[in-house]
Amino acid sequence: RFLSNKHNAYSQYAILHNIIGGFHNEENNVDSMLYHYQKTYDYAELAGWKQGMVVGLGNLAEVYFVQGNYEKSLNTHHQVLKLSRDIEDAQGVFEELFYIAEIHKTTGKIDSAVFYGNKALEFAKKYSYTNQERNTYKFMAEINELKGNNGKALNYFKQYIRLHDSLFNLEREANTNELITKYETEKKEQQ
């Protein structure tokens with residue numbers, strides 16, 4: 001029971017530090033963000049709470065990226081990717097693959113960006129993450145254009161447009177159905 005309470009306290013401290021880090025993010029106080037996100041990770045690790053560790057490290061990686069410390073951001077994202085795989089967090093794995101691809105694009109390592117972009121795309125398809133698949137097609141079009149693979153870039157862009165239009169039509173249909181339901185409900189209430 002003592003260990004359970006101790007671990008629960010550590011996870012609560014991790015959550016608290018993550019929230020405080022978020023407040024400092026709004027103020028753009030980088031040193032405080034780094035401190036609190038590191039504490040998020042440390043307390044989550046003490047609690048044995050891998051999801052909390054993912055959150056702390058993920059936030060640290062983003063701060064490093066914004067600072068322009070791409071190597072440290074990349075290394076931290078790789079740690080988050082491993083943890084996300086360990087806890088079988090498919091959404092987290094996709095996000096980390098995509099972040100890693102973006103860092104490689106930013107640093108001009110286009111072949112690595114293509115590699116991780118393809119891995120992210122495979123993952124998005126496998127788990128039917130349609131929004132993420134759409135966004136990854138756009139990313140793949142951009143990096144293939146940078147690489148001079150204009151044919152591939154065009155094909156990826158066509159896939160992006162196809163999914164974008166499909167998602168737009170689904171959203172429009174849902175909005176239309178909602179309006180029809182509201183209209184019919186109001187009509188019945190007036191009778």
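## Buried or exposed?

A residue is called buried if its relative accessible area is under 20%, exposed if that area is over 50%, and partly exposed in between. Take Ser128 as a try-out: its relative accessibility is 57%, so Ser128 counts as exposed. Keep in mind that what you're looking at is a predicted model.

## The big picture

So what is this protein built from? Its secondary structure comes to 8 helices and 0 strands. Walk along the chain from the N terminus and the elements read α-α-α-α-α-α-α-α.

How does the overall shape compare with a ball? A compact globule of 191 residues would have a radius of gyration near 16 Å, but this protein has 21 Å. Along its principal axes, the C-alpha trace spans about 60 × 60 × 35 Å. Of the 191 residues, 36% count as buried. The accessible surface comes to about 11800 Å², and carbon and sulfur atoms make up 50% of that. As for charge, there are 22 positive and 25 negative ones, and their mean positions sit 5 Å apart.

Contacts are worth a look too. Take the ones between residues at least 6 apart in sequence: 50% of these join residues at least 24 apart.

## Helix α2 and its last residue

Helix α2 covers residues 30–47, which makes 18 residues. From its first C-alpha to its last it reaches 26 Å, close to the 26 Å expected at 1.5 Å a residue. Its buried residues are Ser32, Met33, Leu34, His36, Tyr37, Thr40, Tyr41, Ala44 and Ala47. Here's a handy rule for reading a list like that: an α-helix has 3.6 residues a turn, so residues three or four places apart point the same way.

Let's zoom in on Ala47, which has its place in helix α2. Is Ala47 buried or exposed? With a relative accessibility of 15%, it counts as buried, because the cut-off for buried is under 20%. Leaving out residues up to four places away in sequence, Ala47 touches His7, Tyr10 and Ser11. Phe157 is another story: Ala47 and Phe157 are 110 residues apart in sequence, and their C-alpha atoms are 45 Å apart in space.

## Helix α6 and its neighbours

Now for helix α6, residues 110–126. Its 17 residues should span 24 Å at 1.5 Å a residue, and the end C-alpha atoms are indeed 24 Å apart, so the two agree.

Which residues of α6 are buried? They are Ile110, Ala113, Val114, Tyr116, Gly117, Ala120, Leu121, Phe123 and Ala124. These buried residues pack against α4 (70–86), α5 (90–106), α7 (130–147) and α8 (150–190).

## What happens in the loops

Most residues other than glycine have a negative phi. Ser128 isn't a glycine, yet its phi is positive, about 55°. You'll find Ser128 in the loop between α6 and α7. Asn28 is a similar case: not a glycine, but with a positive phi of about 60°. Asn28 belongs to the loop between α1 (2–26) and α2, and its 57% relative accessibility means that it counts as exposed. Helix α2 is followed by Gly48, which has a positive phi as well, near 70°.

One more loop residue is Glu88, between α4 and α5. At 73% relative accessibility, Glu88 counts as exposed. Glu88 and Gly56 are 32 residues apart in sequence, while in space they are 17 Å apart, C-alpha to C-alpha.

Technical notes
Residues are numbered from 1 along each chain as its sequence is written. This is a predicted model: local features need pLDDT of at least 70, side-chain atom pairs count only at pLDDT 80 or more; totals for chains, interfaces and linings use all residues. Side-chain values use heavy atoms; hydrogens and water are left out. Helices (H or I, at least four residues) and strands (E, at least two) are DSSP runs, numbered from the N terminus. The expected span of a helix is 1.5 Å times one less than its number of residues. Buried means under 20% relative accessible area, exposed over 50%, partly exposed in between (1.4 Å probe, protein chains only). Contact means heavy atoms within 4.5 Å. The radius of gyration is taken over C-alpha atoms; the globule rule is 2.2 Å times the number of residues to the power 0.38. Accessible areas come from the Shrake-Rupley method with a 1.4 Å probe; for residues, only the protein chains shown count as cover. Lys and Arg count as positive and Asp and Glu as negative; His and the chain ends are not counted. The place of a charge is taken as NZ of Lys, CZ of Arg, CG of Asp or CD of Glu.
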